[in-house]
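Grab a viewer and a notepad, and let's work through a few exercises together. Try each task on your own before you read the solution.

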Amino acid sequence: MEGLVIALFLCLILALVTKYLSIPAIPFYILTGVLLGKAGLGMVQADDISQFFSEMGLIFLLFFMGLGLKPERIAANRSAVLTSGIIDLNINMFIGFFAAYLLGFSMTESLIVASAFYISSTAMAITSLVENRKLMFREAETIIWLMVFEDLVLIIFLAIISAGDQNLLLFVAKILGVLGILYAFAHYGKEFLISILDRDDELPIIFTFAAVLTTASVALVLDIPETLMVIALGVAFATTDPDAFEQHARPFKDVFLVVFFVFFGVTIDFSGGANLFNISVICILAVLSKLLSGLITGLVIHESALSGLEIWANTIGRGEFSIALAVLYGSPVVGTTIAAMVIVTSIIGSFAAKYSTILRRGITHIGRRKAPTHRVHSGR
């Protein structure tokens, strides 16, 4: 318990500093855990309390992800979603998988590394657009749809990898059954849900917390992935009043997620077989692959390499979902590799997003200076 208090106190200081500097706090939460845990001072160890809070952070993160997925908006913008998403998926998943495999990871480990390598941090991308006042940029919508597509890919990945050795038909039947109940409850109980959310007492907060935990618990009893079911709950509730659910769930998500990141860092052990060369290669490629996919996306959608540079700057950072994949399915070596990638890319990404406008102006200025000038010579 003392370790949890120390970790939260340090994270409070870090949150204040990072907010003041307008940089993402996630890598610093992880670094705090590394400093306090196995790889550092050894002052803090994971226990049942921190594990419970960490699990709550992951569950509420995925619930938030579901609330942000609005099927009608995706359907209305399917061309933009598919075009940008497929470019991003093919380039980054391909590079991530083959890089990991050639570096000696097993086929399964390479798939997990590639998935974490591919998926950008939605929280960092949206936050950078807001804090750097770029929501009116034409690239902002493309970046947002990229995040939506990546979230959809993550859902499919979770469903496939969670099936394991189960009877596939029974597994799918159980998932479809629970999904049907969730959507029926959200559809036919919409007025009831809105009446609860409109109250100004503690009931909306208690209901939101209980709904998320109950869904996760039922999924565990039925032996289906609670991660997938919590996302589905968020998607179902998004058809009612998603803003209200976000408001009531945000305090749980924000606090528990800090614990999740810190104690992920606590469990990292660099003496557990992680290879510094492998980590360096993955980190470098993670930055370069997003540059390649960003440039191609910018050229295809906006017919501008500078637009691609803006897309790259705001999608470099890997974060919450990459760490979630490492926690759920990664070995210690995979977890350490992904953690290092998250720390490096999120720090680089925060500064790239902050100064991307200056970078674009500099490139434009250099291009103009190098452009040949044609002078008209008067004849004699």
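The exercises below go from the whole chain down to single residues, and the model they use is a predicted one.

**Exercise 1. Find out what secondary structure the chain has and whether its radius of gyration fits a globular protein.**

Step 1: count the elements. The chain comes to 18 helices and 0 strands.

Step 2: check the radius of gyration. It is 22 Å, and the globule rule gives 21 Å for 380 residues, so the chain is as compact as a globular protein of that length.

Step 3: look at the extents. Along the principal axes, the C-alpha atoms fill a box of roughly 95 × 50 × 45 Å.

Step 4: add burial and contacts. Of the 380 residues, 50% count as buried. Take the contacts between residues at least 6 apart in sequence: 82% of them join residues at least 24 apart.

**Exercise 2. Describe the exposed surface and the charges of the chain.**

Step 1: the chain exposes about 18800 Å², with carbon and sulfur atoms supplying 67% of that area.

Step 2: there are 23 positive and 28 negative charges, and the mean positions of these two sets are 19 Å apart.

**Exercise 3. Classify the ring pair F94 and F98 as stacked, tilted or edge-to-face.**

Step 1: get the total. Pairing rings with centres within 6.5 Å gives 16 aromatic pairs.

Step 2: take the geometry. The ring centres of F94 and F98 are 4.6 Å apart and the planes meet at 50°, so this pair is tilted. The angle falls in that class because stacked needs under 30 degrees and edge-to-face over 60.

Step 3: place the pair. Both residues belong to helix α5 (residues 78-102), where they sit 4 residues apart, about one turn of the helix.

Step 4: check exposure. F94 has a relative accessible area of 53%, so it is exposed. F98, at 39%, counts as partly exposed.

Step 5: look for a cluster elsewhere. Ring pairs link F52, F53, F60, F209, F252 and F256.

**Exercise 4. Work out which residues M341 and I155 touch, leaving out those up to four places away in sequence.**

Step 1: start with M341, which is in helix α17 (residues 332-354). Its relative accessible area is 1%, so M341 is buried.

Step 2: list its contacts. M341 touches A116, F117, I282, C283, A286 and R318.

Step 3: go to I155 in helix α8 (residues 138-163). I155 has 18% relative accessible area, and it counts as buried because the cut-off is under 20%.

Step 4: list the contacts of I155, which are M65, L69, L228 and I231.

Step 5: try two C-alpha distances. M341 and D243 are 98 residues apart in sequence and 32 Å apart in space. I155 and G40, 115 residues apart along the chain, are separated by 34 Å.

**Exercise 5. Say where D223 and E303 lie, and give the sign of phi for each.**

Step 1: recall the background. Most residues other than glycine have a negative phi.

Step 2: D223 has a positive phi, near 60°. This residue lies in the loop between α11 (203-221) and α12 (226-237) and, at 47% relative accessibility, counts as partly exposed.

Step 3: E303 also has a positive phi, about 55°. The loop between α14 (276-302) and α15 (305-315) holds E303, which is exposed with a relative accessible area of 70%.

Notes. Residues numbered from 1 in each chain as written. Predicted model: local features only at pLDDT ≥ 70, side-chain atom pairs only at ≥ 80, totals over all residues. Heavy atoms only, no water. Helix = DSSP H or I, 4+ residues; strand = E, 2+ residues; numbered from the N terminus. Rg over C-alpha atoms; globule rule 2.2 N^0.38 Å. Buried < 20%, exposed > 50% of the residue type's maximum accessible area, 1.4 Å probe, protein only. Contact = heavy atoms within 4.5 Å. Areas by Shrake-Rupley, 256 points an atom, 1.4 Å probe, with all protein chains shown as cover. Lys, Arg positive; Asp, Glu negative; His and termini not counted. Charge placed at Lys NZ, Arg CZ, Asp CG, Glu CD. Phe/Tyr/Trp six-rings, centres within 6.5 Å; stacked < 30°, edge-to-face > 60°.
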